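Load the complex in your viewer and set the colouring to confidence. The tour below goes selection by selection.

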Amino acid sequence: MTNKTTNLPIFPLDVFLLPGGITRLRIFEAKYLKMVGLSSTLGGFIISSNKQQHEPSSRWGSWVEIINFDNGDDGVLEIDVKCKSLVELTMVESEIDNLQFASISEINHWSEKQSSTHLILLSESLLSVFENNDLLNDLYSSKLINNPYWVVSRWLELLPIPHDVKHNFVFNSSYVEAKKLVNSIISKEI
Amino acid sequence: MVAIQTNLPTHVSHAKSSSMTDKIDHTQLSAWLKEVADARCKIAFTHLFKFFAPKIQRIARSKFPNEAQSHEVVQDTMSNVWRKAHLFDSDKGAATTWVYTIMRNVTFDILRKIKSNREDNLSDDIWPIAESAAAEEQPYEDHLENKQLLRVIEALPETQQEVVKGFYLMEMSQEQLANHLNLPLGTIKSRLRLALAKLKVHLGEDND
Amino acid sequence: MIKHHPKFELLEAFVNGDLPASLSIAITIHADMCPLCQQKILQLTEQVAEQSFEEDVISLDNLDNLDSSSHFDISIDDDLESDALFDSMISNITFSEDVAEVVKPTDKSVTFKDKTYVLPTVLSNIGFGKTANVGKLSRSRLQLNEDEIHTNLLHINAGGGVPAHTHKGFELTVLLDGSFTDHEGEYNKGDFIMLDGTFTHTPVSENGCLCYTVANDALHFTQGINKLLNPIGSFIY
């Protein structure tokens, strides 16, 4: 099953979202409204930056599913999407209305792992970020604060570091390196 | 493999395709409709009928328990296609959209007759057939690929820039992080610099 | 400016023809005044149409219809039978070469307390009950026959309001003309305001307004003396 390819529409956005990560998108452009409609039958869509350098690594994206939606105050459609896995984009084609579709294969990523080692400092600190940010708090109805992989993933998404650096953590880097990086910024422990 | 996600309520249960490759020949369908409209051409109508009727019947069967009613939907829909073909305007939308509108309206009126015992045939007032045009391109700007917009964002002072981007990117600004950790901004900046430098050494320079 | 719109899910059900007439009419009224929703509806219709008439839907179709085994067995007999049936349908339909003429409905108008309003076209072919008045409120019921769902035109005269109320079901208001306010703010022409049973609100209209309302349960007034008004609840909605 894992290597079977699927064809999904692409939403081009420079956002770093690991499995389990949730973000809110505002959709008002005709072709992306269409994409939202399609995604309910196709099983989601791919968020992928079109600023990625494809060499030496291939283009990747976050396969997301819509978990909630609403009309914003100005009537624009807002959808909350959750990343189910990271994927490698193999073939990208334009179809109707320039909406792009990609064949994908899933990437096994450490952020999907589970464990119950409590990272006291990172967990507590992340929890307080959530508590002080209504939007984040709303988006994550369950916070897997006791799962270190989840905690490090969320921190990696939130930290203000350049995206090309974050992209390294998709293919090349391990959980240990990600944790080191986050720790060195949040708690200054290495 | 295709997970059908459930949070977004969808009623298009009859309408699912696992691939995007199975294309409908819209040009052909429009051409047949035009022949029906202009020449009352029975052959063109038969082609349309063979294309649409089995699909309409299948969809109707999912809405009506009773076979006679699903036949009624096919009969009424295709009869409207025959009698209203002159109202179809291929510039305004696809033939599939037009026939779908007729089928949905016929179904709605029959359901209403059953449930509310009313034969007021309101559907054509709710969804006027003549106006079932396709979406015209709205002058929406592409907010993601619009380079101009990005340039505007990039011209903003850094703090504002991060507020604008943050809406999409779910990322903290350096100031937010400094506030959160209760540290001076300078300390955060140097921590970030140091952390990134270490990472680069570790990963090698080829990822730049 | 229109600030309140139907939810995406409601638009989807509308396009699929799954909403009752009362709510479908409400969305048509709103979309006629709201290009944004009109656009969304057109796109959804196009998509659903495309998907409905795609070729390879049979196998996946079954996934969604596990409850009805009858959808599985499109047997050869069935096919032959429907071939014959289809052939006779084709000859019946094409027997007459008459073309359907389209009559554009003439717009209706209503008068409440000496004020005359032209109604949205979608209401042209619907019957109305007699107007009833209580204080500054007037209502006329639409004869849609939808059991527990009641649809009305509700007119609030300048300075009038509806006492604080809540109800078990939903209450939908589409503002046809004028404006009103409640604790949430001001509502204007074209706004589509859907409230569920958890809301309590007290709409007041300074300059008067005309609303299209749909509710599926009588109102219950919630404040002190207004409880005495509960019989009015079934009057208004």
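In chain A, where is confidence lowest and where is it highest? Select helix α1 (residues 30-42) of chain A for the lowest, at a mean of 80, and then helix α4 (residues 148-158) of chain A for the highest, at 93. This is a predicted model, and chain A as a whole has a mean pLDDT of 82, with 88% of its residues at 70 or more. For the complex, the predictor reports an ipTM of 0.81 and a pTM of 0.54.

Stay in chain A and select Val182(A). Leaving out residues up to four places away in sequence, Val182(A) touches Leu122(A), Val152(A), Trp155(A), Leu156(A) and Leu159(A). Val182(A) and Trp155(A) are also among the residues with the most contacts inside the largest nonpolar core, which has 140 residues. To see the others, add Ile46(A), Leu48(B) and Ala26(C) to the selection. Which element gives this core its largest share? Helix α2 (residues 42-63) of chain B does, with 10 residues.

Now show chain B alone. Chain B has nine helices and zero strands, so a cartoon view displays the pattern α-α-α-α-α-α-α-α-α along the sequence. Of its 208 residues, 35% count as buried. Taking the contacts in chain B between residues at least 6 apart in sequence, 51% join residues at least 24 apart.

Move to chain C and display its strands. Six of them form an open sheet in the order β3-β4-β5-β13-β8-β11 (chain C), with antiparallel pairing. Which strands lie at the edges? They are β3 (132-134) and β11 (192-196) of chain C, each of which pairs on one side only. On average, neighbouring strands of this sheet are turned by 25° against each other, direction ignored. Strands of a sheet pair through backbone hydrogen bonds, and switching these on helps in following the next selections.

Select strand β5 (residues 150-156) of chain C. Seven of its seven residues are buried. Show the side chains: His150(C), Asn152(C), Leu154(C) and Ile156(C) point one way from β5(C), while Thr151(C), Leu153(C) and His155(C) point the other way.

Next, look at what pairs with β5(C). Strand β4 (residues 137-141) of chain C runs antiparallel to β5(C) over five bridges, and Leu153(C) in β5(C) is the bridge partner of Ser140(C). Strand β13 (residues 209-215) of chain C also pairs with β5(C) in the antiparallel sense, over seven bridges. In that pairing, Leu154(C) stands opposite Cys211(C).

From β13(C), step across to strand β8 (residues 170-178) of chain C. These two strands are antiparallel over seven bridges, and Leu172(C) stands opposite Val214(C) of β13(C).

Finish by returning to the confidence colouring, now on chain C. The mean pLDDT of chain C is 79, and 75% of its residues reach 70 or more. Which helix of chain C has the lowest confidence, and which the highest? Helix α4 (residues 58-64) of chain C is lowest, at a mean of 43, and helix α2 (residues 21-33) of chain C is highest, at 95. Select residues 57-77 of chain C: the pLDDT there is below 50, and the stretch has 18 contacts in the model beyond near neighbours in sequence. Residues 223-232 of chain C are also below 50, with 11 such contacts. Where pLDDT is low, the predicted coordinates should not be read in detail.

Conventions:
Residues are numbered from 1 along each chain as its sequence is written. Chains are lettered from A and ligands numbered from 1 in the order in which they are written. A nonpolar core is a set of buried Ala, Val, Leu, Ile, Met, Phe, Trp, Tyr and Cys residues joined through C-beta atoms within 7 Å. A residue is buried if 20 or more other C-beta atoms lie within 10 Å of its own, exposed if 12 or fewer, and partly exposed in between; C-beta atoms are placed from the backbone. Helices (H or I, at least four residues) and strands (E, at least two) are DSSP runs, numbered from the N terminus. Two residues are in contact if their C-beta atoms, placed from the backbone, lie within 7 Å. Two strands pair if DSSP finds at least two bridges between them. Axes are lines fitted to C-alpha atoms, for helices over the stretch in contact, and angles run from 0 to 180 degrees between N-to-C directions. pLDDT is the predictor's confidence in each residue, from 0 to 100.
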